Amino acid sequence: MHIGPLLGSGRTADVFALDDAWVLRRYRHDTDATTELAVMSYLSASGFTVPRIGPPAGEALPTDLVMQRLSGPTMSEALLAGALTGAEGAELLARLLRELHAIPPRISQDPEDRILHLDLHPENVMLTPHGAVVIDWHTAAEGPPALDRAMSSLILAQVALAPGAFPGELVRGLLADLLSRLDADGGVPADALALARTRRAADPGLTAQETAVLDDAAALVTELAG
């Protein structure tokens, strides 16, 4: 299968066109995609909305993942364009977290554990003609659902305090709406938020600005959840 032009780049990987149906996601730093492939296959079989997995592209590398080529904006793009309101975005994020955490763990023997995305925010939700699809599963793990809720909330709080393309007030409103909806699922307990903050601090992909606002972001989540 011929590898086509570069479609986009994230913090850790590049995405190339293969054809009209498939794309190749290739990590830049020798990250093995094997576990991510297994998690996505398991979630797809469980009915969760992830991109379909395609056939290997020629001489496949461990860093390669062939996935369905999706059409439509990210949730971030829809929010910025006004095609999606903050309340609608918060409801969608809360629903996706809830549906994900309804799926039993793939490996863990702890019945309380669930699959965790640990990076579920508007940039990682594609709004396709067939519905929302969650992308970018390289941080996925298994553990308590509260950690996933805390991580999504903390990431939004960081963006609210260190905005780039996003107006800070828009993200703050989205975060407040999300936290109000997460209450029904157990909310964001203090211990889960502390663990999320520790994990974010250890992320080498964070910018200096994102790291600088981390403590204030945790405090903002606590304030808005209060």
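## Nonpolar cores

In this predicted model, the largest nonpolar core comprises 56 residues, and L43, F48, V125 and W137 have the most contacts inside it. The element that gives the most to this core is helix α4 (residues 145–161), with nine residues. Another core, of five residues, lies apart from it; F16, W22, L24 and V66 are among them. In soluble globular proteins, nonpolar side chains tend to be buried together.

V125 is one of the residues with the most contacts inside the largest core. Leaving out residues up to four places away in sequence, V125 touches P73, T74 and M75, then L92, L93 and L96, and also L120, A132 and V133. Of these partners, L92, L93 and L96 are buried residues of helix α3.

## Helix α3

Helix α3 covers residues 86–100, which makes 15 residues. From its first C-alpha to its last it reaches 21 Å, close to the 21 Å expected at 1.5 Å a residue. The buried residues in α3 are G89, A90, L92, L93, A94, L96, L97 and L100.

## Helix α8

Helix α8 (residues 214–225) has twelve residues, which should span 16 Å at 1.5 Å a residue; the end C-alpha atoms are 17 Å apart, in agreement with that value. Within α8, L214, A217, A218, L220 and V221 are buried. Viewed down the helix axis, these buried residues fall within an arc of 155°, so they line one face of α8. An α-helix has 3.6 residues a turn, so residues three or four places apart point the same way.

On the other side of α8, D216 and E223 are exposed. The cover over the buried residues of α8 includes α4, α5 (168–182), α6 (190–201) and α7 (208–212).

## Packing of α4 against α8

Two packed helices are described by the angle between their axes and the distance between the axes. For α4 and α8, the axes come within 8 Å and cross at roughly 115°. This crossing is right-handed. On the α4 side the contact is made by S153, L154, A157, Q158, A160 and L161, and on the α8 side by L214, D216, A217, A218, L220 and V221.

The α8 side of this contact thus brings in both kinds of residue: L214, A217, A218, L220 and V221 are buried, whereas D216 is exposed. Helix α4 also gives nine residues to the largest core.

## Loop residues with positive phi

L118 is a residue other than glycine with a positive phi, near 70°. L118 sits in the loop between β5 (114–116) and β6 (125–128). Its relative accessibility is 7%, so L118 counts as buried.

D136 is also a residue other than glycine with a positive phi, in this case near 65°. The loop that holds D136 lies between β7 (131–134) and β8 (141–143). With a relative accessibility of 19%, D136 counts as buried, because the cut-off is under 20%.

## A141 in strand β8

A141 belongs to strand β8. The relative accessible area of A141 is 26%, so this residue is partly exposed. A141 and L116 are 25 residues apart along the chain, and their C-alpha atoms are separated by 5.2 Å.

Neighbours within four places in sequence aside, A141 is in contact with R114, I115, L116 and L118. Among these partners is L118, the buried loop residue with phi near 70°.

Definitions and conventions
Residues numbered from 1 in each chain as written. Predicted model: local features only at pLDDT ≥ 70, side-chain atom pairs only at ≥ 80, totals over all residues. Heavy atoms only, no water. Core = buried A, V, L, I, M, F, W, Y, C linked by side-chain atoms within 4.5 Å. Buried < 20%, exposed > 50% of the residue type's maximum accessible area, 1.4 Å probe, protein only. Helix = DSSP H or I, 4+ residues; strand = E, 2+ residues; numbered from the N terminus. Contact = heavy atoms within 4.5 Å. Expected span 1.5 Å × (residues − 1). Arc of directions from axis to C-beta. Axes fitted to C-alpha atoms, helices over the stretch in contact; angles between N-to-C directions. Left-handed = near helix turned anticlockwise from the far one by under 90°.
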